[in-house]
Amino acid sequence: MPCQPNAAAARRRVYLSMRLDYFIANATTLSRRDAKKTISSGRIRVDGQICRKSASPVAADTRVSLDDQPLSLPGERYLMLHKPAGVISATTDSQQPTALDLLPADVRHGLHIAGRLDADTTGLLLLTTDGQWSHRITSPRVKCPKTYRVTIAEPIDDLAITQLQQGVLLHGESRPTRPADVHLLNAGEIDLTLSEGRYHQVKRMLAAVGNHVTGLHRWRVGPLILDNSLAPGEYRELTTEEVNSLG
């Protein structure tokens, strides 16, 4: 079951107006603070005139330049990353390496993660600058399916598979999980497809049927499959068709 389609997923940013410092920060690699300093220093021209006011409005047809070089807002960006183990799904962290740390500084600017993975979980991680697109992937209302390759400690039996397919009650919760799709690969490995994203859900579901997860790898989100040419830690841009398929 693919995520709900939306033909506008690959659109460029559309805006009526925004603050000049916000425009500069999004059109360059400058932070908001540095953008304000750049504006106050007189390096920014708006429609040919030096502008020193960070709060000045910038409309879609406004001409903005930095050191006489024209600026424009970039289009939205969409990436897939093969997340390795030991990396957390966060933009910044002072203690542990993050998924964004795997990207060059000029690439990671403005990106956020659409659908997190636990630190010890590997596989397909999506990153984007498009908040509405990521919301359509992660919103519980959309029920975008995610498929995990699950390695388990004990051989799984038919009863446990049936329980997972029907939904199980997780420890500390009052309502069962949504029905899952289970594909048996061998006695110690299954593909598990979920349409919701509760805390540590795969691990807790297998615990609820008397088993234990020893390895977890997400290889599909909606119709999008992790590119098998990407080694752990590598990334690539999504194609327009891939973006639209998840939009």
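Is Arg52 buried or exposed? I started my notes with that one. Arg52 comes out exposed, at a relative accessible area of 51%. The cut-off for exposed is over 50%, so I put Arg52 in that class with its 51%. I should write down early that I am working on a predicted model.

**Entry: around Arg52**

I found Arg52 in the loop between β3 and β4. Next I asked what it touches once neighbours within four places in sequence are left aside. The list I got is Ile39, Ser40, Ser41 and Gly42. I also looked up its distance to Ala27, which sits 25 residues away along the chain. The C-alpha atoms of Arg52 and Ala27 are 17 Å apart.

**Entry: the whole protein**

I stepped back for the overall numbers. I have 247 residues here, and 45% of them are buried. The protein holds seven helices and 15 strands. Its C-alpha trace spans about 75 × 35 × 35 Å along the principal axes. For contacts with a separation of 6 or more, I noted that 65% are between residues 24 or more positions apart.

**Entry: the annotated span**

I checked the UniProt record, an unreviewed entry, and it places "domain: RNA-binding S4" at residues 18-79. In the model that span is 27% helix and 29% strand. The C-alpha atoms at its two ends lie 26 Å from each other.

**Entry: helix α1**

Which residues of α1 are buried? I got Leu20, Asp21, Phe23, Ile24, Ala25 and Asn26. The helix covers residues 20-27, and with six of its eight residues buried it is largely enclosed by the rest of the structure. I then asked what does the covering. The elements over the buried residues include the helix α2 (32-40) and the strands β1 (17-19), β2 (44-46), β4 (57-59), β5 (64-66) and β6 (69-71).

**Entry: α1 against α2**

For a pair of packed helices, the angle and the distance between the axes are what I want. The α1 and α2 axes come within 8 Å and cross at roughly 115 degrees. That crossing makes α1 roughly perpendicular to α2. On the α1 side, the contact is made by Leu20, Asp21, Tyr22, Ile24 and Ala25. On the α2 side, I listed Arg32, Ala35, Lys36 and Ile39. Sorted by class, the contact has six nonpolar residues, three charged and no polar ones. I noted the handedness too: the crossing of α1 and α2 is right-handed.

**Entry: two positive phi values**

Most residues other than glycine have a negative phi. I went looking for ones that do not, and kept two aspartates for this page. Asp47 has a phi near 50 degrees, and I placed it in the loop between β2 and β3 (49-50). Asp47 is partly exposed, with a relative accessible area of 39%. Asp68 has a phi near 70 degrees and lies in the loop between β5 and β6. At 56% relative accessibility, Asp68 counts as exposed.

**Entry: Leu159**

Where is Leu159? I found it in helix α5, which runs over residues 158-166. Leu159 is exposed, at a relative accessible area of 57%. I looked up one pair for this leucine, with Val209, 50 residues away along the chain. Their C-alpha atoms are separated by 8.7 Å.

**Entry: Pro232**

Pro232 is in the loop between β14 (224-225) and β15 (235-237). I have it as exposed, with 56% relative accessible area. Not counting residues up to four places away in sequence, what does Pro232 touch? I got His82 and Pro84. For a pair across the model, I took Pro232 and Lys53, which are 179 residues apart along the chain. Their C-alpha atoms have 45 Å between them.

**Entry: Thr239**

My last stop was Thr239, in the loop between β15 and α7 (240-246). With a relative accessible area of 35%, Thr239 is partly exposed. I paired it with Leu127, 112 residues away along the chain, and got 13 Å between the two C-alpha atoms.

Note on methods. Residues are numbered from 1 along each chain as its sequence is written. This is a predicted model: local features need pLDDT of at least 70, side-chain atom pairs count only at pLDDT 80 or more; totals for chains, interfaces and linings use all residues. Side-chain values use heavy atoms; hydrogens and water are left out. Buried means under 20% relative accessible area, exposed over 50%, partly exposed in between (1.4 Å probe, protein chains only). Helices (H or I, at least four residues) and strands (E, at least two) are DSSP runs, numbered from the N terminus. Contact means heavy atoms within 4.5 Å. UniProt positions are given in the numbering used here, feature names are shortened, and annotations may be inferred rather than shown by experiment. Axes are lines fitted to C-alpha atoms, for helices over the stretch in contact, and angles run from 0 to 180 degrees between N-to-C directions. Angles under 35 degrees count as roughly parallel, over 145 as roughly antiparallel, 65 to 115 as roughly perpendicular and the rest as oblique. A crossing is left-handed if the near helix is turned anticlockwise from the far one by less than a right angle, and right-handed if clockwise. Ala, Val, Leu, Ile, Met, Phe, Trp, Tyr, Cys and Pro count as nonpolar, Asp, Glu, Lys and Arg as charged, and the others, Gly among them, as polar.
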